[in-house]
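Trainee: I would like to go through this model by asking about single residues, helices, cores and pockets. Please give the reasoning before each result.

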Amino acid sequence: MFTIPLFDYVGAPLLVVAFAVLLWVQARSPLRRQQFRTLGRVLRNIGFSIPAFITLRLLLLPVPLLAAAWAARNGLGLLNWLLPQEGGWAWVHTALGFLLFDYAYYGWHYATHKVPLLWRFHNVHHTDLDMDVSTAMRFHFGELLLSVLFRTATVVTLGISVLAALLYEIVFEIAAQFHHANWKLPQRVERWINTVLVTPRMHGIHHSIIKDEFNANWGTLFSWWDRLHRTHRMDIAQKDLTIGVPAYRDEEELTLVELWKMPFGPQRDWRLPNGERPETRSKPQSPNTDS
């Protein structure tokens, strides 16, 4: 197997520790009241993530890294044309590559909602009826396979270095755990953090069944891209959110087998079981509303 020491001996243990810590702090200080049994849902998300983690380690990490090394050797990609990867410019190359990767991922996340083929797989992530740190693991392995193509094209086109790509993947996974966590940070602290990073309140709005809330907050690590594109929202109280996808409100049908099968069957319209289409919120919220 293609060994990646920085991930295998540093990144992976950090992910395990981050998951355990966030699981503990969200239990002590929950942001939203959970609607369904937490233990069963968390165990289901962990079980569902096993094929995704195998895909991550065997393909999603090594393939883009090998592509980044190949692009560097051949002088391909925007950053490789503009800056050397050695000497005093190396840290600039790495920092710019890290930033560009996150901006590219903003676009990829948008595409997973708007391109029907990609949404078939990403929909599985959004069908979680509550959201916590385990939701960060609830990705269909098919979505990860498709994202191998995106990540490979990104590192080659932009000339992102191996180090920048690897660091970004580790930070990306930890950031996903953080902003999916059901952790109630003090609102003033979260507003301060959110000037730079995507936070639990911000990403919670993205998981709303209300269509115009769901179509906001696309960022993964930095909140800057949503502010730049005017898709940033922090104006909905967490207690007023209904998490999930309107067409999937029955926890009993969201089993491991059904989740694995979901992308390959008929896709449901954005409607609640009663036929209602939750497009917009009838009562506007106050800016920076707490939970």
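Trainee: In which loop is D128 found, and is D128 buried or exposed?
Mentor: The model is a predicted one. D128 is found in the loop between α6 and α7. Its relative accessible area is 1%, and the cut-off for burial is under 20%. D128 therefore counts as buried.

Trainee: Which residues does D128 touch, not counting residues up to four places away in sequence?
Mentor: Contact here means heavy atoms within 4.5 Å. With residues up to four places away in sequence left out, the list for D128 is R41, N45, T135, R138, I243 and G244.

Trainee: How far apart are the end C-alpha atoms of α7?
Mentor: α7 has 18 residues, and at 1.5 Å a residue the expected span is 26 Å. The model agrees with this expectation, with the end C-alpha atoms of α7 at a distance of 25 Å.

Trainee: Which elements are included in what covers the buried residues of α7?
Mentor: The buried residues of α7 are G142, E143, L144, S147, V148, F150, R151, T152, T154, V155 and L158. The elements covering these residues include α2, α3, α4, α5, α6 and α8.

Trainee: Which residue just after α7 takes a positive phi?
Mentor: The phi in question is about 70°. The residue that takes this value, just after α7, is G159.

Trainee: How far apart are the end C-alpha atoms of helix α3?
Mentor: Helix α3 covers residues 62–73, which makes 12 residues. At 1.5 Å a residue these should span 16 Å. The model agrees, and the end C-alpha atoms are apart by 17 Å.

Trainee: Against which elements do the buried residues of α3 pack?
Mentor: In α3 the buried residues are P62, P64, L65, A67, A68 and A71. Their packing partners are α2, α4 (78–82), α7 and α8.

Trainee: What phi does G75 take, just after α3?
Mentor: G75 follows just after α3. Its phi is positive, at about 65°.

Trainee: Is N217 buried or exposed?
Mentor: N217 lies in the loop between α11 and α12 (224–228). Phi of N217 is positive, near 60°, in a residue other than glycine. Burial requires a relative accessible area under 20%. The value for N217 is 0%, so N217 is buried.

Trainee: Is R230 buried or exposed?
Mentor: R230 is found in the loop between α12 and α13 (256–261). R230 is not a glycine, yet its phi is positive at about 60°. The cut-off for exposure is over 50% relative accessible area. R230 has 80% relative accessibility and therefore counts as exposed.

Trainee: Which element supplies the largest share of the largest nonpolar core?
Mentor: This core has 35 residues, and F7, F101, V155, I160, L166 and Y168 touch the most other members. At least two residues each come from α1, α2, α3, α5, α7 and α8. The largest share is 7 residues, and the element that supplies these is α8.

Trainee: Which residues is F101 in contact with, leaving aside its neighbours within four places in sequence?
Mentor: F101 is one of the residues that touch the most other members of the largest nonpolar core. Beyond its sequence neighbours within four places, F101 is in contact with F150, R151, T154, V155, I160, A165, Y168 and E169.

Trainee: Which element gives the largest share of the lining of the largest pocket?
Mentor: The pocket holds about 530 Å³ of space. Its lining has 34 residues, with A136, F139, F172, E173 and A176 nearest the centre. By class, this lining has 16 nonpolar, 15 polar and 3 charged residues. The largest share, 6 residues, comes from α8.

Trainee: How many charged residues are in the lining of the second largest pocket?
Mentor: The second largest pocket has a volume of about 230 Å³. It is lined by 15 residues, and W119, K211, R268, D269 and W270 are the closest to its centre. The largest share of the lining, 3 residues, comes from α6. By class, the lining has 7 nonpolar and 3 polar residues, and the number of charged residues is 5.

Technical notes: Residues are numbered from 1 along each chain as its sequence is written. This is a predicted model: local features need pLDDT of at least 70, side-chain atom pairs count only at pLDDT 80 or more; totals for chains, interfaces and linings use all residues. Side-chain values use heavy atoms; hydrogens and water are left out. On a 1 Å grid over the protein atoms alone, a cavity is a set of points where a 1.4 Å probe fits but cannot get out, and a pocket is an open set with protein on both sides within 12 Å along at least five of seven lines; lining residues have an atom within 4 Å of a point. Grid points are joined across faces, edges and corners, and a volume is the space filled by probe spheres set on the points. Helices (H or I, at least four residues) and strands (E, at least two) are DSSP runs, numbered from the N terminus. Ala, Val, Leu, Ile, Met, Phe, Trp, Tyr, Cys and Pro count as nonpolar, Asp, Glu, Lys and Arg as charged, and the others, Gly among them, as polar. The expected span of a helix is 1.5 Å times one less than its number of residues. Buried means under 20% relative accessible area, exposed over 50%, partly exposed in between (1.4 Å probe, protein chains only). A nonpolar core is a set of buried Ala, Val, Leu, Ile, Met, Phe, Trp, Tyr and Cys residues joined through side-chain atoms within 4.5 Å.
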